[in-house]
Amino acid sequence: YQVAEDHGFTAIADFQILDEEGSMTLPVQGGTRLSENYVGAAFEDYDSYLELSHIKGHSMAGYGGAIKNISIGLGSSEGKAWIHSAGSSRTNPWGGDQDTFLESMAEAGKSVSDYLGDQIVYINMMNRLSVDCDCDGNPAEPDMHDIGILASTDPVALDKACVDMVYASPDPGKSHLIERMESRHGIHTLEHAEAIGAGHLQLGLAVVGGEG
């Protein structure tokens, strides 16, 4: 709560840590790595969600966007360990190999989108496109110019559109972000998400403003 206050969140809205009272379980339908997912117990206090994600690189996932935000981001502390370990531990986040971790992220994300149905909308901010995640206390400065804001009701299509726009950008600074995504096989998250019915790799979305 102090960190939230330090960053100005409590000055503009009510603030809640979803897992301060533990976890609730969401079923994973059609998964090959997980049969259940763990989000904060307060997750069900809300009728709908507006999911705002920042597109950037990530040291483990390759990139972070809507799928990562509704899986790792909404996961309780035990849910985060469950995803990272590909369903082998709720206390130790290590143990799964790279692709099983990515697949677990996709499956956890699907459990959230299935639970909420049409009561969630996804917005991705394509600004400050660093190779490092916001969870890094000392992230690398961005090499790319801002691109814009994208929105969709399909998190898979939205993330794929953002990845495509990074590749299509004329900005030479994109090479570092692309290397980060490819070295971690980041696209596999979206491929697996589509394979289990979490969304589509190609679907209509809205693009707001931006440049590049």
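A residue is called buried when its relative accessible area is under 20%, exposed when it is over 50%, and partly exposed in between (1.4 Å probe, protein chains only). The model is predicted, so that local features need pLDDT of at least 70 and side-chain atom pairs count only at pLDDT 80 or more, whereas totals for chains, interfaces and linings use all residues. Residues are numbered from 1 along each chain as its sequence is written, and side-chain values use heavy atoms, with hydrogens and water left out.

Helices (H or I, at least four residues) and strands (E, at least two) are DSSP runs, numbered from the N terminus. Tyr 49 is part of strand S3, residues 49–54. With a relative accessibility of 14%, Tyr 49 counts as buried. Its contacts (heavy atoms within 4.5 Å) were listed without residues up to four places away in sequence, and they comprise Leu 18, Ala 42, Phe 43, Leu 74, Leu 116, Gln 119, Ile 120 and Val 121. Ile 120 lies 71 residues from Tyr 49 along the chain, and the two C-alpha atoms are separated by 4.7 Å. By contrast, the C-alpha atoms of Tyr 49 and Glu 78 are 22 Å apart, with their positions 29 residues apart along the chain.

Glu 78 belongs to helix H3, residues 77–84. Its relative accessibility is 22%, and Glu 78 therefore counts as partly exposed. Beyond its neighbours within four places in sequence, Glu 78 is in contact with Ser 23, Tyr 38 and Arg 90.

Strand pairing requires that DSSP finds at least two bridges between two strands. Strands S1 (residues 23–27) and S2 run antiparallel and are joined by 5 bridges. Within this pair, Thr 25 has Tyr 38 of S2 as its bridge partner. Strand S2 (residues 36–40) is mostly covered, as 4 of its 5 residues are buried. A second antiparallel pair is formed by S6 (residues 120–126) and S7, again over 5 bridges. Here Asn 124 is bridged to Leu 150 of S7. The side chains of S7 (residues 148–152) alternate: Gly 148, Leu 150 and Ser 152 point to one face and are buried, while Ile 149 and Ala 151 point to the other and are not.

Helix packing was described by axes, which are lines fitted to C-alpha atoms, for helices over the stretch in contact, with angles from 0 to 180 degrees between N-to-C directions. Angles under 35 degrees count as roughly parallel, over 145 as roughly antiparallel, 65 to 115 as roughly perpendicular and the rest as oblique. Contact residues were sorted into nonpolar (Ala, Val, Leu, Ile, Met, Phe, Trp, Tyr, Cys and Pro), charged (Asp, Glu, Lys and Arg) and polar (the others, Gly among them). A crossing is left-handed if the near helix is turned anticlockwise from the far one by less than a right angle, and right-handed if clockwise.

The axes of H2 and H3 come within 9 Å and cross at roughly 120 degrees, so that the two helices are oblique to each other. Ser 71, Ile 72 and Gly 73 of H2 meet Lys 80, Ile 83 and His 84 of H3. These residues divide into 2 nonpolar, 3 polar and 1 charged.

Helices H5 (residues 155–168) and H6 (residues 174–183) pack at about 135 degrees, with axes 9 Å apart, which makes H5 oblique to H6. Their crossing is left-handed. The contact involves Val 163, Val 166, Tyr 167 and Ala 168 of H5, together with Lys 174, Leu 177, Ile 178, Met 181 and Glu 182 of H6. Of these residues, 7 are nonpolar, none polar and 2 charged.

For H4 (residues 98–116) and H7 (residues 187–195), the axes come within 8 Å and cross at roughly 50 degrees. H4 and H7 are therefore oblique, and the crossing is right-handed. H4 contributes Asp 99, Leu 102, Glu 103, Met 105, Ala 106 and Glu 107, and H7 contributes His 188, Thr 189, His 192 and Ala 193. The contact divides into 4 nonpolar, 3 polar and 3 charged residues.

Ser 104 also lies in H4 and, at 0% relative accessibility, counts as buried. Ser 104 touches Arg 33, Leu 34, Ile 83 and Ala 86, not counting residues up to four places away in sequence. In H7, the buried residues are His 188, Thr 189, Leu 190, His 192 and Ala 193. They pack against strand S5 (62–64), helix H2 (66–73), H4 and H5. Just after H7, Gly 197 takes a positive phi of about 90 degrees.
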